[in-house]
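Student: I've got a protein on my screen and I don't know how to read it. Could we go through it feature by feature?

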Amino acid sequence: KWVLAIGGVELKTGFEVGKDASFEEIEAKHDALILAFGLGPDSSLKAAGEDLEGVYGAVDYIERFKVGTVDLSGVKEAVVVGGGNTALDAVRELRGLGVPSVTMAYRGQEAGMSGYKHEWKAAKVEGVRAAFGTQPTAFEGEGKVTGVRCDRLDENKKPIAGGEHVLPADLVLLAIGQGKLGSLVEKMDGVKVEWGCIQVDEHGATGRKGVYAAGDAANGGTEVVYAAAEGKAAARAIDTYLMGAK
């Protein structure tokens, strides 16, 4: 019995389902498929100046942290946009690597942050500042970013008159989510995709015989522990399916 897991490795090495191989060809060679290709690139604000040097997606930049290819010696003021766990990871990494001033700009209030409270508590101890009720609208600079233009928001996340201001920054990381990749498989008969997420049952099964999904591709993006649990559940279901049981 052969099972193919379609995940990040195939995507990152240039393998493209539908171009390098059709799903029909893949299914003909395997007894079951599990779709686990995670999420796509960092989401964009689509704001003016986002193409300036010094403005990056947070997930991409965190990867650079991990492989040691980041030179932060010239960074004095960094702004991380977002209030989730990726944002908290980024601000703590920046402070830990010696950036003197790190600000987290979040359009909601502290109570509404989706990131772990203990991580935010640790970030504050480490010297990270927060700009709550702050919505970036554009990036300033000539060739390289020098600041983030922002609106102040009220409790309903509506702009406050006269609340326009600029946060100084020579590095900006956008931690506002990642693109969903469900469109890669939405043309497969029996595979239902809603809001970019593959729809599965409690066992990870799609509506197509022998095709399963797990992790961010199905849940839209949560912690890795959930992806691991969903992968295990799908593996058990695949084993049951391959053994001929219901």
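Tutor: Happy to. Keep in mind that this is a predicted model. Salt bridges make a good start, and the count here comes to eight.

Student: What's the general idea behind a salt bridge?

Tutor: Side chains of opposite charge can pair when their charged atoms come close. Take R64 here: R64 forms a salt bridge with D60, and their closest N and O atoms are 3.4 Å apart.

Student: How many residues apart are R64 and D60 in helix α3?

Tutor: Four, so about one helical turn separates them. R64 is partly exposed, with a relative accessible area of 29%, and D60 is partly exposed too, at 35%.

Student: Which parts does the salt bridge between R92 and E126 tie together?

Tutor: First, the distance: the side chains of R92 and E126 meet at 2.5 Å, N to O. R92 sits in helix α4 and E126 in the loop between α5 and β7, so this pair links parts that are 34 residues apart in sequence. R92 has a relative accessible area of 26%, which makes it partly exposed, and E126 counts as partly exposed at 29%.

Student: And where do K124 and E110 lie?

Tutor: Their side chains meet in a salt bridge, 3.1 Å from N to O. K124 lies in helix α5, while E110 belongs to the loop between β6 and α5, so parts 14 residues apart in sequence are tied together. K124 is partly exposed at 41% relative accessibility, and E110 is partly exposed at 39%. There's also a network: salt bridges with shared partners join R92, E119 and E126.

Student: Okay, next the sheet. How do I read one?

Tutor: Strands of a sheet pair through backbone hydrogen bonds, either parallel or antiparallel. This structure has an open sheet of five strands, in the order β4-β11-β5-β6-β7, with parallel pairing.

Student: Which are the edge strands?

Tutor: β4 (55-57) and β7, since each pairs on one side only. On average, neighbouring strands of this sheet are turned by 20° against each other, ignoring direction. For one pair to follow by eye, try β6 and β7, which run parallel over four bridges. There, Y106 has F132 in β7 as its bridge partner.

Student: Which strands does α4 touch as it packs on the sheet?

Tutor: β5, β6 and β11, and the direction of α4 makes about 170° with that of β6.

Student: Last topic: what about nonpolar residues?

Tutor: In soluble globular proteins, nonpolar side chains tend to be buried together. The largest nonpolar core here has 24 residues, and L72, V80, V91, L94, L171 and L173 touch the most other members. Several elements give two or more residues to this core, including α3 (58-67), β5 (77-81) and β11 (171-174).

Student: Which element gives the most to this core?

Tutor: That's α4, with five residues.

Student: What does L173 touch?

Tutor: Leaving out residues up to four places away in sequence, L173 touches Y56, A58, Y61, V79, V80, V81, A90 and L94. A second, separate core has 15 residues, among them A47, V55, V79 and A105.

Student: So α4 keeps turning up!

Tutor: Right: α4 holds R92 of a salt bridge, packs on the sheet and gives the most residues to the largest core. Try finding α4 on your screen and tracing those three links.

Methods:
Residues numbered from 1 in each chain as written. Predicted model: local features only at pLDDT ≥ 70, side-chain atom pairs only at ≥ 80, totals over all residues. Heavy atoms only, no water. Core = buried A, V, L, I, M, F, W, Y, C linked by side-chain atoms within 4.5 Å. Buried < 20%, exposed > 50% of the residue type's maximum accessible area, 1.4 Å probe, protein only. Contact = heavy atoms within 4.5 Å. Salt bridge = Lys/Arg side-chain N within 4 Å of Asp/Glu carboxyl O. Pairing = 2+ DSSP bridges. Axes fitted to C-alpha atoms, helices over the stretch in contact; angles between N-to-C directions.
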